[in-house]
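Me: I would like a close look at one part of this model, the packing around a helix pair. Please take me through it and then outward to the contacts beyond.

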Amino acid sequence: MISLFNTLGFEPKLVLFDLDGTLLDSLPDLYSASLSMANSLKITPPSLAQVEQWIGNGAAVLVQRVLANQFQPVAVDPRFDRALALFMDAYQHLASRQSRLYSGVEALLSELHQHQVMQGVITNKPSRFTEPLLSQFGILHYFDLVYSGDRFTEKKPHPMPLLKAAQQMGLSLEECLMVGDSSNDINAAKACGMPCLGVRGGYNHGRDVAECQPDWVVDHL
């Protein structure tokens, strides 16, 4: 039995991973793209700490937070469309310059694959970035499914992507495991009754992921 199963006490047939903050440390490039956007718009640039707390709900929400210079964005900002385009273009050029896989990630994915455990990625990141990043870091081939934030009408913390993943693989929710670093991942899993593992050290809006009360918590993968 591999170390993850020892931690869980059961063997899931499908393990679903969040991307940013769970598999990939993408904060440096998201911060650089946010700075580039802010400088182009001549607005107050965010700090690294602010961006770390603001990411996790997808690019559009991050842009809204940078525009508002606070976690809670304003309802309507006339600069939004241009700001989002600037951010996306900047991130397109920066997305893998400083990002890195967290320690232990590739070894875990390989071990799960060797034990014939199905694997998937469910992220709020736009699809134009998700698979290229997974491919560039050499881990795309491990995944049986990849759902980005624009795949469905709802994204995490809504449970829809998790429900769709279990359905696609012909599994019950109890046979799956959601692994993530933030409330978006844990709340999505709890909303549909899927077992969930919280990973510390990612991006959870400045809070310990244990506060979300996942079924299990680990310090790192």
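Reply: What follows starts at one helix pair and then moves outward through its surroundings. The model is a predicted one.

Start with the pair itself. Two packed helices are described by the angle between their axes and the distance between the axes. Helix 2 covers residues 27-41, and helix 5 covers residues 80-94. Their axes lie 8 Å apart, and the packing angle is about 135 degrees. Helix 2 and helix 5 are therefore oblique to each other. The crossing of helix 2 past helix 5 is right-handed. Which residues of helix 2 and helix 5 make the contact? Helix 2 supplies Asp29, Leu30, Ser32, Ala33, Ser34, Ser36, Met37, Ser40 and Leu41. Helix 5 supplies Arg82, Ala83, Leu86, Phe87, Ala90, Tyr91 and Leu94. By class, the contact of helix 2 with helix 5 holds 10 nonpolar, 4 polar and 2 charged residues.

One residue of that contact deserves a second look. Asp29 sits in helix 2. Its relative accessibility is 0%, so Asp29 counts as buried. Asp29 and Ser99 are 70 residues apart in sequence. In space their C-alpha atoms are 6.3 Å apart.

Helix 5 has another partner. The axes of helix 5 and helix 7 come within 11 Å and cross at roughly 5 degrees. That makes helix 5 roughly parallel to helix 7. On the helix 5 side, the residues are Met88, Asp89, Tyr91 and Gln92. They meet Arg128, Phe129 and Leu133 of helix 7. The contact of helix 5 with helix 7 divides into 4 nonpolar, 1 polar and 2 charged residues. Tyr91 is listed in the contact with helix 2, and Tyr91 is also listed in the contact with helix 7.

Now go to the loop before helix 7. Lys125 forms a salt bridge with Asp20, with the closest N and O atoms 3.1 Å apart. Lys125 lies in the loop between strand 4 (118-122) and helix 7 (127-136), and Asp20 in the loop between strand 1 and strand 2, so the pair ties together parts that are 105 residues apart in sequence. Are Lys125 and Asp20 buried or exposed? Both are buried.

Strand 4 leads to the next site. Ile122 is in strand 4. With 1% relative accessibility, Ile122 counts as buried. Setting aside neighbours within four places in sequence, Ile122 is in contact with Leu16, Phe17, Asp18, Leu19, Tyr147, Lys156, Pro161, Leu162, Ala165 and Met178. Ile122 and Ala165 are 43 residues apart in sequence, yet 8.6 Å apart in space from C-alpha to C-alpha.

Two of those contacts of Ile122, Asp18 and Lys156, also pair with each other. Side chains of opposite charge can pair when their charged atoms come close. Lys156 forms a salt bridge with Asp18, and the closest N and O atoms are 2.8 Å apart. Lys156 lies in the loop between strand 5 (145-147) and helix 8. Asp18 lies in the loop between strand 1 and strand 2 (24-25). The two are 138 residues apart, so to speak of distant parts of the chain is apt. Lys156 and Asp18 are buried.

The structure holds 9 salt bridges. Among them is the pair of Glu175 and Lys13, with closest N and O atoms 3.0 Å apart. Glu175 is in the loop between helix 8 (160-168) and strand 6 (176-180), and Lys13 is in the loop between helix 1 (3-8) and strand 1 (14-17). These two residues are 162 residues apart. Glu175 counts as partly exposed, at 23% relative accessibility. Lys13 is partly exposed as well, with a relative accessible area of 46%.

Helix 6 completes the tour. Its buried residues are Val105, Leu108, Leu109, Ser110 and Leu112. The buried residues of helix 6 pack against helix 1, strand 1, strand 3 and strand 4. Just after helix 6, Gln116 has a positive phi of about 60 degrees. On the other side, Gly104 lies in the loop between strand 3 (100-101) and helix 6 (105-114). Gly104 counts as partly exposed, at 33% relative accessibility. Gly104 and Leu23 are 81 residues apart in sequence and 9.1 Å apart in space, C-alpha to C-alpha.

Note on methods
Residues numbered from 1 in each chain as written. Predicted model: local features only at pLDDT ≥ 70, side-chain atom pairs only at ≥ 80, totals over all residues. Heavy atoms only, no water. Axes fitted to C-alpha atoms, helices over the stretch in contact; angles between N-to-C directions. Helix = DSSP H or I, 4+ residues; strand = E, 2+ residues; numbered from the N terminus. Parallel < 35°, antiparallel > 145°, perpendicular 65-115°, else oblique. Left-handed = near helix turned anticlockwise from the far one by under 90°. Contact = heavy atoms within 4.5 Å. Nonpolar A, V, L, I, M, F, W, Y, C, P; charged D, E, K, R; others polar. Salt bridge = Lys/Arg side-chain N within 4 Å of Asp/Glu carboxyl O. Buried < 20%, exposed > 50% of the residue type's maximum accessible area, 1.4 Å probe, protein only.
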